[in-house]
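Here are a few friendly notes to read alongside the model. I have kept them as numbered points so you can take each one to the viewer in turn.

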Amino acid sequence: MVDARAVLVESFGRVGPTVHRIVDGLDEATLTWRADPEANTIAWLTWHIARVQDAQLAPLAETEEVWTAGGWAERFDLPFDDSASGYGQSADDVAAVRVPADLLLGYLDAVTAATSAYLATIAGDDLDRVVDHRWDPPVTLAARLVSILADDLQHVGQAAYVRGLAERAR
């Protein structure tokens, strides 16, 4: 029988290393390169990957977000509210994420560690627990985790694509 928790641990465990391969060694010009004036940047995508995971997993784990608890919000010093995670942000907001690769990856690593710690605490039966009654059908923990992972992986692919475009544009 497949251990669903083990699959989730393995799947979430791939996000950080893949983002590291995309971001490691990039300068600010490449991190903030845009295919057009409205496009997402690698910096924003990396920040958003970590923020989505952090903002959605913290309530499940009943912990404070790594973003605020770990002082990352202050270090990033972004011009928007600490609760921002990227959803609904404007092109100007995307452009405002101008931080070095080591800061982006440090935050991602801290979120990855918190995610791993949380996933280690859940049992198979926990995955059936309803975590959001606002939907029909109600959202289970398993569905929420898959949703977070799917969002992260879409943005990882986008960041890899943007890196390729940026490198070819030079």
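1. A small definition to begin with: the expected span of a helix is 1.5 Å times one less than its number of residues. This is a predicted model, and helix 7 (101-119) is a nice place to try the sum. Its 19 residues should span 27 Å, and the C-alpha atoms at its two ends are 26 Å apart, which agrees.

2. Which residues of helix 7 are buried? They are A101, L103, L104, L105, Y107, L108, V111, T112, T115, Y118 and L119. The partners of these buried residues are helix 1, helix 2 (28-31), helix 3, helix 4, helix 5 and helix 8. An α-helix has 3.6 residues a turn, so residues three or four places apart point the same way.

3. Helix 3 (42-61) passes the length check as well: for 20 residues the expected span is 28 Å, and the end C-alpha atoms are 28 Å apart. This helix is mostly covered, with 17 of its 20 residues buried.

4. Please look next at how helix 3 sits against helix 8. Two packed helices are described by the angle between their axes and the distance between the axes. Here the angle is about 170 degrees and the axes are 9 Å apart. Because angles over 145 degrees count as roughly antiparallel, helix 3 is roughly antiparallel to helix 8. The residues of this contact divide into 13 nonpolar, five polar and four charged. On the helix 3 side they include W44, H48, V52 and L57, and on the helix 8 side L145, D152, H155 and R163 are among them.

5. Which residues have the most contacts inside the largest nonpolar core? They are W47, F76 and L145, in a core of 46 residues. Two or more residues come from each of helix 1 (4-23), helix 3, helix 4 (66-69), helix 5 (72-76), helix 7 and helix 8 (141-169). In soluble globular proteins, nonpolar side chains tend to be buried together.

6. L145 deserves a click of its own. Setting aside residues up to four places away in sequence, L145 touches L8, F12, L57, L60, L119, I122 and L127. Of these, L57 and L60 also belong to the helix 3 side of the contact with helix 8.

7. Is S85 buried or exposed? S85 lies in the loop between helix 5 and helix 6 (91-96), and its relative accessible area is 11%; since buried means under 20%, S85 is buried. Beyond its neighbours within four places in sequence, S85 is in contact with W47, H48, R51, V52 and A55.

8. Some backbone values are worth a second look. Most residues other than glycine have a negative phi, and most peptide bonds are trans. E62, just after helix 3, takes a positive phi of about 60 degrees. E62 lies in the loop between helix 3 and helix 4 and is exposed, with a relative accessible area of 74%. D77 is not a glycine either, and its phi is near 50 degrees. D77 lies in the loop between helix 5 and helix 6 and counts as exposed at 63% relative accessibility.

9. Finally, where is P137 found? It is in the loop between strand 1 (130-132) and strand 2 (139-140). The peptide bond from D136 to P137 is cis, with omega near 5 degrees.

Definitions and conventions
Residues are numbered from 1 along each chain as its sequence is written. This is a predicted model: local features need pLDDT of at least 70, side-chain atom pairs count only at pLDDT 80 or more; totals for chains, interfaces and linings use all residues. Side-chain values use heavy atoms; hydrogens and water are left out. A nonpolar core is a set of buried Ala, Val, Leu, Ile, Met, Phe, Trp, Tyr and Cys residues joined through side-chain atoms within 4.5 Å. Buried means under 20% relative accessible area, exposed over 50%, partly exposed in between (1.4 Å probe, protein chains only). Helices (H or I, at least four residues) and strands (E, at least two) are DSSP runs, numbered from the N terminus. Contact means heavy atoms within 4.5 Å. Axes are lines fitted to C-alpha atoms, for helices over the stretch in contact, and angles run from 0 to 180 degrees between N-to-C directions. Angles under 35 degrees count as roughly parallel, over 145 as roughly antiparallel, 65 to 115 as roughly perpendicular and the rest as oblique. Ala, Val, Leu, Ile, Met, Phe, Trp, Tyr, Cys and Pro count as nonpolar, Asp, Glu, Lys and Arg as charged, and the others, Gly among them, as polar.
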